[in-house]
Amino acid sequence: MSEQEKHSSRLGILGGLVRGLSGMLSRARADAQPPDPAEPEVICCDGVVHIAYRGLSDDHLYLAYRRKWTEVKFFKQRNLRVFCAGCRQRLL
Ligand SMILES: [Zn+2]
């Protein structure tokens, strides 16, 4: 096998890998269901979320990083926004 052939076959493997990965990602997106209220424990990636909320007395934006999805219910502040810590998808 010549250097040129080795190079192109390596590129072929890499290209296949990238195509496989992006195929997996787009399939995961397509399979993503809206959160089932009956099972809030398992949501999106690991159930780890970032929570952004406005203070009740002030209007500051607060951020709570790497909270469990189950902790979201303890945040009663208005304008609650919840993002998945894994893929940054907005969940709430
Ligand atoms: Zn996620």
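Biologist: What joins strand 1 to strand 2 here?
Modeller: A hairpin does that job, and it goes through six residues. Keep in mind that this is a predicted model.

Biologist: Okay, and how many bridges join those two strands?
Modeller: Six bridges join strand 1 to strand 2, and the two run antiparallel. To pick out one pair, Tyr53 has Tyr62 in strand 2 as its bridge partner.

Biologist: Let me step back a bit. Which helices and strands does the chain have?
Modeller: There is one helix, plus three strands. Going along the sequence, you meet them in the pattern α-β-β-β.

Biologist: In what order do the strands sit in the sheet?
Modeller: The order is 2-1-3, in an open sheet with antiparallel pairing. Strand 2 and strand 3, which covers 81-84, are the edge strands, and each of them pairs on one side only. From one strand to the next, the twist averages 20°.

Biologist: What holds strands together in a sheet, in general?
Modeller: Backbone hydrogen bonds pair the strands of a sheet, in either a parallel or an antiparallel way.

Biologist: And how many bridges are there between strand 1 and strand 3?
Modeller: Four bridges, again in the antiparallel sense, with strand 1 spanning residues 48-54. On that side, Ile51 has Val82 of strand 3 as its bridge partner, and Val49 is matched with Cys84 of strand 3.

Biologist: Is strand 1 mostly covered or mostly open?
Modeller: Mostly covered: of its seven residues, six are buried. For the chain as a whole, buried residues make up 21% of the 92 residues.

Biologist: Which residues make up the largest nonpolar core?
Modeller: It has twelve residues in all, including Ile43, Val49, Ile51, Tyr53, Trp69, Val72, Phe75, Val82 and Cys84. Strand 1 and strand 3 are the elements that give two or more residues to this core. The largest share, three residues, comes from strand 1.

Biologist: Why would nonpolar side chains end up together like that?
Modeller: The general tendency in soluble globular proteins is for nonpolar side chains to be buried together.

Biologist: Can we zoom in on Val72? What is it in contact with, leaving aside neighbours within four places in sequence?
Modeller: With that set aside, Val72 is in contact with Val49, Ile51, Leu80, Val82 and Leu92.

Biologist: Switching topic: which residues are the protein donors of the zinc ion?
Modeller: Four cysteines, each through its SG atom: Cys44, Cys45, Cys84 and Cys87. They lie 2.3 to 2.4 Å from the zinc ion. Along the chain, these donors follow the spacing C-C-x38-C-x2-C. Cys84 is one you've met already, as the bridge partner of Val49 and a member of the largest nonpolar core.

Biologist: What geometry does the zinc site have?
Modeller: Tetrahedral, with angles of 97 to 129° among the four donor atoms.

Biologist: Are Cys44 and Cys45 buried or partly exposed?
Modeller: Cys44 counts as partly exposed because its relative accessibility is 33%. Cys45 is also partly exposed, at 42% relative accessibility.

Biologist: Now Lys68. Where is that one?
Modeller: Lys68 is in strand 2, which runs over residues 61-68. Its relative accessible area is 48%, so Lys68 is partly exposed.

Biologist: What does Lys68 contact, apart from neighbours within four places in sequence?
Modeller: Beyond those neighbours, Lys68 is in contact with Gly47 and Val49. As for Ile51, Lys68 is 17 residues apart from it in sequence and 9.6 Å apart in space, C-alpha to C-alpha.

Biologist: Last one: where is Arg78 found?
Modeller: In the loop between strand 2 and strand 3. Arg78 counts as partly exposed because it has 39% relative accessibility.

Biologist: What does Arg78 contact, again leaving aside neighbours within four places in sequence?
Modeller: Arg78 is then in contact with Arg54, Gly55, Leu56, Asp58 and Asp59. Taking Gly55 from that list, Arg78 and Gly55 are 23 residues apart in sequence and 7.6 Å apart in space, C-alpha to C-alpha.

Biologist: And over the whole chain, what share of contacts is between residues 24 or more positions apart?
Modeller: Among contacts with a separation of 6 or more, 39% are between residues 24 or more positions apart.

Terms used. Residues numbered from 1 in each chain as written. Predicted model: local features only at pLDDT ≥ 70, side-chain atom pairs only at ≥ 80, totals over all residues. Heavy atoms only, no water. Buried < 20%, exposed > 50% of the residue type's maximum accessible area, 1.4 Å probe, protein only. Contact = heavy atoms within 4.5 Å. Pairing = 2+ DSSP bridges. Axes fitted to C-alpha atoms, helices over the stretch in contact; angles between N-to-C directions. Core = buried A, V, L, I, M, F, W, Y, C linked by side-chain atoms within 4.5 Å. Donors = N, O, S within 2.8 Å, 3.2 Å for Na, K, Ca; no water. Tetrahedral: all angles 85-135°; square planar, octahedral: opposite > 155°, others 65-115°.
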